[in-house]
Structure formats: C-alpha cells, structure tokens
Amino acid sequence: MQIHTTIESLRAARKTAGRVAFVPTMGNLHEGHITLMRQAGEKADAVIASIFVNRLQFGPREDFNSYPRTLAADCEKLEAAGVAHLFAPDEGVMYPEPQHYHVDPAPAQISILEGEFRPGHFRGVATVVLKLLNIVQPDLALFGKKDYQQLMVLRNMVHQLAIPVEVMPGETVRAEDGLALSSRNGYLSPEERAEAPRLYRQLLRICEAVRRGDHDFLKLETEAVAELAAHGWKPDYIAVRRRADLQPPVHADDPLVVLAAAKLGRTRLIDNIEI
C-alpha cells in the first residue's frame, strides 16, 4: 500500500490506478470500515482510502482534539484489506488557507435529527467530502449506512452538483450483541458497553411494531425514549422517518427508517434500522 501525504502524490498515483473506489474515513478504523474497503475492492481495480480528522465538522464542544488518531494501526488494517493507496494529509495540506468556500446542503435536510443537535456538522462534512472527491476523482465512493443522514446529504450533493461519481452505501456492521460499530465506542466504560445494545433493541422493537401494523409513531418513539431515559441515557431523538428525505411519513407505503441518537455517559451513540 502506498501512503500519500500530498495532493500531488495522490493524483499522480490515481492516473494509473484504473477504476477507483474511494472510502473516506477519519481513522481509528474498525471492522465496519474494513468491510467497506473489502466491498470497494470488489467493485474497482484499486481502492483509495483517506484518513483525515476534519475540523470543519466538529462543534466547539465536541471531541476534535481528543478524537483517536491511530495511523500506524490503521495502515496495517488497510493493507491487510487490500487497499492500494492511502491519502493521509495533514491540515496544512487540506486547508492551506482558511476555507472560505463551503457546501451548504439543503436546510430541510440538515435542520432535523443530527443537524438539530450538531449545527454546522453537515456543512463541514459536505465541504470536506467534495474536496476529497475533487482530489481523488474516484469512479465510486462508499459511505456506511450507520450515518444515514450523512449518506442522504452526500448522495444529494453528488446528484445536484453533477459530480461524476457513483455513491454506494454500505450496511451497518454490528457487534454480536447488536451494537453498531463506531470509532467512538472506545469511549464507553465496561458498564456502559454492556448497556449500549439497548439502543439497538429499542429500534428493533419499533421496527417490529410497525411491521405488525402499528403506525402510532409518536407513541412508539415516546416509549423508546422513556425506556432509554429510565436506564440512564440522555436521548436526543428517536424518530420514524421516510427513507428518501428523512421527513415524517405521509403515505402508508412510504419506505421507512427509524433513527436514534442518545448519550450514554459522555459517549453519543447513533443508530438506525430500515423498516
């Protein structure tokens, strides 16, 4: 695996890489990331991964400074997964001057759910992903479904800006007890880690109820929030939404997804399940 720390080096390698699948990450890789890398390898001649902890998508009270940076271990995992090239720039490469140009996603898509609790987050995500796509110029890019709203925002950005890349979603990878794999799971204490699968179980309960014909979504959401709160969680939201735009359901046959975000101790966990 070749490691590139400059745009010039990465672009030179890209010229001879053939059909490229790109997987952007912030590092501290887990099996969910590696699964995406393997899926990417099935779709392209070469896989390019990136590791960059993007300051623009962190709020002022979020964990940018403490976000785990594990480059050596990440490189071993990527090489074992067959990744051909890693783009690992520092901030001076990605933002050599203040980033005055940004991508502003549609307000209706980023004022809800994650956007309500993390203002500015999707602006930062969309800006860095557009910049990375311009640098790498891949044929396809893979993003995990665990960040469901992010996937929607990026897919719409690619469509509306006519970026010549195919966006491919990757299924959420879970631990045996159902907890969605996340780089932030490492923040959990042993006691919190044992409690953490409750979030997934509440989403499953809502899915099963909806499939049985219970469409009182507010009741289902309220019950799940209360169950989490009773066990020490601080829920931000649990919501049944349309998959297409994450707005409240309108028609009985709307394809649905249930999404959640909640804090357990100091760790904020997100998850979702398509119904």
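**Figure 1. Surroundings of Glu 171.** With a relative accessible area of 54%, Glu 171 is exposed, since the cut-off for that class is over 50%. The structure shown here and in the other views is a predicted model. Glu 171 sits in the loop that connects strand S6 (166-170) with helix H9 (190-195). Its side chain takes part in a polar contact of 2.9 Å with the side chain of Lys 145. Arg 211 is 40 residues from Glu 171 along the chain, and the C-alpha atoms of these two residues are separated by 21 Å.

**Figure 2. Strand S5 and the strands that pair with it.** Four of the five residues of S5 are buried, so this strand is largely enclosed by the rest of the structure. Strand S2 (residues 20-25) pairs with S5 in the parallel sense, over two bridges. In this pairing, Phe 22 stands opposite Ala 141 of S5. S5 is also joined to S6, again in parallel, by five bridges. Here Ala 141 has Val 167 of S6 as its bridge partner. Ala 141 thus appears in both pairings, opposite Phe 22 and bridged to Val 167.

**Figure 3. The open sheet of S7, S8 and S9.** Three strands make up this open sheet, in the order S7-S8-S9, with antiparallel pairing. Strand S7 (234-242) and S9 are the edge strands, each of them pairing on one side only. From one strand to the next, the twist averages 10 degrees. Although S9 is an edge strand, seven of the eight residues of S9 (residues 267-274) are buried, so S9 is largely enclosed by the rest of the structure.

**Figure 4. The hairpin of S8 and S9.** Strand S8 (residues 256-264) and S9 run antiparallel and are joined by eight bridges. Two positions along the pairing can be picked out. Val 258 stands opposite Ile 273 in S9, and Leu 259 has Asn 272 of S9 as its bridge partner. The two strands form a hairpin with two residues between them. Gly 265, in the turn, has a positive phi of about 65 degrees.

**Figure 5. Leu 246 and Gln 137, two loop residues with positive phi.** Most residues other than glycine have a negative phi. Leu 246 is not a glycine, yet has a positive phi of about 60 degrees. Leu 246 belongs to the loop between S7 and S8. Where does the relative accessible area of Leu 246 place this residue, buried or exposed? Leu 246 is buried, at 0%. Gln 137 also has a positive phi, near 50 degrees, and is likewise a residue other than glycine. The place of Gln 137 is in the loop between H7 and strand S5 (140-144).

**Figure 6. Gly 120 in the loop between two helices.** Gly 120 is located between helix H6 (114-117) and helix H7 (121-136), in the connecting loop. The relative accessible area of Gly 120 is 42%, and the residue is therefore classed as partly exposed. That value falls between the limits of 20% for buried and 50% for exposed. Gly 59 is 61 residues away from Gly 120 in sequence, while the C-alpha to C-alpha distance between these two residues is 7.3 Å.

**Figure 7. Gln 109 and its contact with Asn 156.** Gln 109 is part of helix H5 (residues 107-110). Gln 109 has a relative accessible area of 17% and is buried, because the class takes in values under 20%. The side chains of Gln 109 and Asn 156 make a polar contact of 3.2 Å.

**Figure 8. The second largest pocket.** The space in this pocket amounts to about 230 Å³. Its lining consists of 16 residues, of which Ile 51, Phe 52, Val 53, Arg 69 and Pro 89 are the closest to the pocket centre. By residue class, the lining of the second largest pocket divides into nine nonpolar, three polar and four charged residues.

Note on methods
Residues numbered from 1 in each chain as written. Predicted model: local features only at pLDDT ≥ 70, side-chain atom pairs only at ≥ 80, totals over all residues. Heavy atoms only, no water. Buried < 20%, exposed > 50% of the residue type's maximum accessible area, 1.4 Å probe, protein only. Pairing = 2+ DSSP bridges. Polar contact = N/O pair within 3.5 Å; in protein donor to acceptor, adjacent residues only side chain to side chain. 1 Å grid on protein atoms, 1.4 Å probe; cavity = no way out; pocket = protein on both sides within 12 Å on 5 of 7 lines; lining within 4 Å. Points joined across faces, edges and corners; volume = space filled by probe spheres on them. Nonpolar A, V, L, I, M, F, W, Y, C, P; charged D, E, K, R; others polar. Axes fitted to C-alpha atoms, helices over the stretch in contact; angles between N-to-C directions.
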